[in-house]
Amino acid sequence: MRKKSGSAWRSILKRVFLVLVTGGLLLSVSAAYAQPYDLLLDGGHLIDPKNGIDEPMDVAIAGDSIAEIAPQISPGSAGRIIDVSGLYVTPGIIDMHTHVFHGTDPDAYIADAHVSVAPDGFTFRSGVTTVVDAGSAGWKNFRTLKAQTIDRADTRVLAFLNIVGVGMVGRYEEQNVADMNPEMTALMINELFPDILVGIKSAHYWGDFTQVERAVEAGNRAGVPVMVDFGEHDPPLSLETLLMDKLRPGDIFTHTYSYTRGREAVVDEEFNVKPYVFKAQERGVLFDVGHGGGSLIWHQVIPSMEQQFWPDVISSDLHTASMNGGMKNMANLMSKFLNMEMPLAEVILRSTWTPARVIGREDLGHLGRGAGADVAVFRLKEGDFGFLDARGRTMRGSRKLEAELTLRDGRVVWDLNGRAAPSWEEEPRRY
Amino acid sequence: MAHAGFMQADTDADRIRWHVLRVMLVVLILVPGLGSASAIAQPYDLLLKGGQVIDPKNGMNGPMDLAITGERIARVATDIPASEAVTVIDASGLYVAPGLIDPHAHVFFGSDPGKSFAGGTGSVAPDAFSFRSGVTTVVDAGDAGWRNFPEFKRRVIDESETRVLAFLNIFGDGLTSGSGRYQMDDINIDKIRAMIQAHPDLIVGMRVGHFLGESWRPVESALQAARGTGRPLLLECHLPGLPLSGLLERIRPGDIVTHAFGEVSDRTPILDENGQLRPYVREAREKGILFDVGPGGGSFHFSQAIPALRQGLWPDTFGTDLHRYSMNGPMKNMLNILSTYLNLGMSLEDVIAGGTWKAARAIQRSDLGHLDEGTVADVVVLARRTGEYGYVDSGGTRISGDEKLEAALTLRAGRVVWDQNGLAATPREDEE
């Protein structure tokens with residue numbers, strides 16, 4: 001064995017030293033800058049009804065998912081920190097009843113036409129990250145809805161497929177029993193677009209129970225719920241028959257608190273909730289708000305709320321005739337229920353986790369670890385507010401939700417007051 | 001009620017109507033000679049009472065009531081009796097101003113993904129954004145050219161509740177593509193002139209935008225068309241292929257440069273390397289060229305806007321450049337831009353002037369943007385909120401502020417089209 005010269009040993013030692021130092025430095029650098037999270041919502045009050053959370057909690061996001069929920073998450077662990085103290089953090093709101101099949105067909109009204117709206121202008125600014133189109137399209141024109149709205153929106157857009165093949169082209173087309181095809185409707189849902197189509201819509205039909213029956217038949221074939229917009233019958237058909245005999249547990253009755261010719265109301269002349277309405281809710285029929293332009297009336301909803309007949313789902317029925325009226329947006333609508341003494345956590349439940357379950361999308365509507373980072377951050381404003389119903393009557397209220405920040409898949413898509421932005425003086429001038 | 005058995009009335013409005021009818025009946029019976037006087041004494045439909053009226057055209061900024069009959073402003077005066085109107089709206093603590101005019105929006109909305117702004121999904125439906133932020137008039141910034149203007153009119157202008165006016169694009173197909181690669185031979189002055197003559201009340205001027213070339217021809221042709229029809233030209237302050245100095249030299253007093261406070265790479269901003277307003281920008285301002293904000297998705301930077309205003313260059317008008325890519329970003333809506341400038345130190349009266357009368361004058365529509373008696377009743381009632389707010393520029397940087405304007409009520413031709421808190425509504429039945 002040859003003895004290494006002193007200089008050779010020194011050289012080896014030097015190299016070992018160098019490797020050790022470099023490695024150590026790298027390790028310590030990576031430790032100091034190890035930021036497992038991209039974004040930290042710091043200091044907010046988390047309401048996540050699915051997970052039973054209603055308390056101060058930090059929320060950390062990595063990529064497009066929720067990475068950690070804990071009372072204290074170190075600010076050093078996130079690349080970006082947004083101070084949400086004094087604000088409520090909730091799952092992104094799911095609006096289960098909208099009309100977003102906007103388009104330019106001059107002969108149509110909701111399907112590919114002017115009464116529907118483009119979702120992104122309404123959603124994020126009110127904390128909504130998912131909308132469900134309520135039957136604007138049927139199996140014949142769903143691909144157009146997908147191409148024009150669903151594939152182009154930043155909002156997640158799901159849909160109930162109308163039992164009428166051409167969807168909501170016009171009131172007359174919607175009477176066409178020959179175009180109510182359960183088999184094609186079910187095929188479209190199960191075979192072609194199972195990730196987008198969450199149920200079946202029955203609406204605007206003047207005849208007997210045929211349309212509801214066809215929709216339920218399609219629902220049985222596809223294994224999805226049916227949402228019914230019931231009414232426009234002269235004389236009105238029996239609401240009790242619909243709720244107790246025709247709809248299945250898990251099916252949805254929408255426009256619950258409307259008051260209109262052609263549909264029996266949920267309360268009687270003395271403003272008492274009809275007994276069969278409670279029974280229907282007990283047997284699992286779900287009651288949806290579907291505010292719209294004409295379907296939330298104070299003298300229906302206030303007695304109902306007082307008698308503990310609460311909606312299962314709070315939804316907007318957004319379209320051009322509701323966007324500038326009493327409905328306005330989901331934050332405004334949720335605030336109405338808040339001011340009718342529904343606790344905030346119950347309001348959030350009915351606009352996140354419950355609709356997610358109703359449409360069979362349990363991946364949505366909650367903020368458990370690993371869930372997609374669709375998040376809403378609300379300010380609960382105190383003051384003197386007024387809320388309009390569809391008849392132009394007001395209810396005064398003292399609390400109002402305002403969407404301060406909205407994340408969709410971890411990305412900031414609405415930032416009302418620039419919470420996520422640095423001061424302009426901190427940015428280097430570019431010229 | 002004294003005459004409870006006389007007539008069954010079920011709302012306050014009905015009661016007042018019956019009351020007014022009875023009064024008129026008495027007047028007609030007792031004073032038959034005053035036929036014409038009783039016509040003048042007819043009640044107002046709507047009275048905004050107790051607000052602070054700001055009407056920059058008339059130099060008005062004070063406590064004043066505003067009465068509306070039908071579609072028109074009937075009277076602006078102190079202490080108009082509540083009994084003279086069918087509906088009385090309590091505007092105390094609020095500001096009453098002319099409906100806002102957004103001189104830069106993209107509203108030729110449609111569903112054709114290949115058509116960006118002209119009938120495509122880049123543009124937005126005006127009614128979904130206007131009334132909720134106090135806007136009653138939007139001016140489309142050249143989505144349509146002479147070839148597709150009739151389609152724009154049929155599909156958007158005629159179908160919207162918002163008043164929609166337009167700058168006509170110099171190119172025949174308008175903003176069909178975001179690429180800026182336009183056919184020079186698609187400029188046809190005769191067709192443009194004919195289209196303006198066919199719609200003189202809708203087309204307020206010419207527009208050059210999204211042009212990336214190095215030819216002066218579009219700007220010069222647009223100037224020619226604008227000059228020939230007595231209308232202004234709206235053009236981007238910073239075109240990449242054309243020097244700012246040449247642009248400002250060519251255009252005339254009354255022409256409008258938009259995106260004025262943008263700082264975009266490869267384009268000349270209004271400030272020089274030392275943060276000073278370029279001399280030719282100052283000269284342009286002095287000769288009467290108008291500077292519009294137009295933040296859009298990427299054209300408003302505090303690094304330009306704040307030094308500019310410190311050197312005296314305040315914006316003349318507050319165009320939004322509303323479209324799909326600005327609606328959810330820092331721009332948000334026109335009131336957010338007004339609020340930004342309010343927090344940068346502009347007075348409320350000045351931001352309202354820029355949002356109303358100055359904008360009306362810029363588009364040569366002196367029938368709009370003020371509250372003269374007899375004018376169409378486009379009115380906004382604004383709440384001036386105090387709190388902790390933030391405003392953001394296109395670079396994602398922020399200023400903090402303590403004020404924010406909010407549209408409490410918007411009237412379009414005398415009709416309530418937005419009512420944030422039910423100011424104009426009756427209480428719910430069980431609270432009457």
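Which residue follows α8(B), and is its phi positive or negative? Hold that thought for a moment, everyone, while I set the scene.

What you have in front of you is a predicted model, in which local features need pLDDT of at least 70, side-chain atom pairs count only at pLDDT 80 or more, and totals for chains, interfaces and linings use all residues. Residues are numbered from 1 along each chain as its sequence is written, and chains are lettered from A and ligands numbered from 1 in the order in which they are written.

Back to the opening question. The residue is G312(B), and its phi is positive, near 95 degrees. When I say helix or strand, I mean DSSP runs numbered from the N terminus: H or I with at least four residues for helices, E with at least two for strands. The helix α8 of chain B covers residues 302-310, and its buried residues are F302(B), S303(B), Q304(B), A305(B) and A308(B). Buried here means 20 or more other C-beta atoms within 10 Å of the residue's own; exposed means 12 or fewer, partly exposed is in between, and the C-beta atoms are placed from the backbone. Part of the cover over those buried residues comes from β14 of chain B, residues 398-412.

Now let's step back to chain B as a whole. This chain has eleven helices and 16 strands, and 55% of its 432 residues count as buried. For contacts, the rule is that two C-beta atoms, placed from the backbone, lie within 7 Å. Among the contacts in chain B with a separation of 6 or more, 73% are between residues 24 or more positions apart.

Let me stay with β14(B), since we have just met it. Strands count as paired if DSSP finds at least two bridges between them. β14(B) pairs with β13(B) in the antiparallel sense, over twelve bridges, and one of the partnerships puts A383(B) opposite E406(B). The two strands make a hairpin with five residues between them, and in the turn G396(B) has a positive phi of about 80 degrees. β13(B) also runs antiparallel to β5(B), residues 95-98, with four bridges joining them; there, P98(B) has V379(B) as its bridge partner. A general reminder while we are on strands: in a regular one, the side chains alternate between the two faces of the sheet.

So where do the two chains meet? The interface brings 43 residues of chain B into contact with 38 residues of chain A. On the chain B side, α8, β13, β14, β15 and β16 each supply at least two residues. The largest share, four residues, comes from β13(B). By type, that side of chain B has 19 nonpolar, twelve polar and twelve charged residues. The bookkeeping is that Ala, Val, Leu, Ile, Met, Phe, Trp, Tyr, Cys and Pro are nonpolar, Asp, Glu, Lys and Arg are charged, and the others, Gly among them, are polar. There is also strand pairing across the chains: β16(A), residues 393-408, and β16(B) run parallel over two bridges, with R393(A) opposite T426(B).

Over in chain A, please look at the open sheet. Its seven strands come in the order β8-β9-β10-β11-β12-β13-β14, and the pairing is parallel. The edges are β8(A) and β14(A), each of which pairs on one side only. Within that sheet, four bridges join β11(A) to β12(A), and I200(A) has V226(A) as its bridge partner.

One loop in chain B deserves a stop. G241(B) sits between β10 and α6 of that chain. Why is G241(B) classed as partly exposed? Because 13 other C-beta atoms lie within 10 Å of G241(B). Leaving out residues up to four places away in sequence, G241(B) touches L212(B), G213(B) and E214(B).

Last, confidence. pLDDT is the predictor's confidence in each residue, from 0 to 100. Chain B averages 89, with 88% of residues scoring at least 70, but over residues 1-18 of chain B the pLDDT is below 50. Residues 23-40 of chain B are also under 50, with three contacts beyond four places in sequence. Chain A averages 93, with 91% of residues at least 70; its residues 27-32 stay under 50 and have zero contacts beyond four places in sequence. Where pLDDT is low, the predicted coordinates should not be read in detail. For the model overall, ipTM is 0.89 and pTM is 0.89. Thanks for listening!
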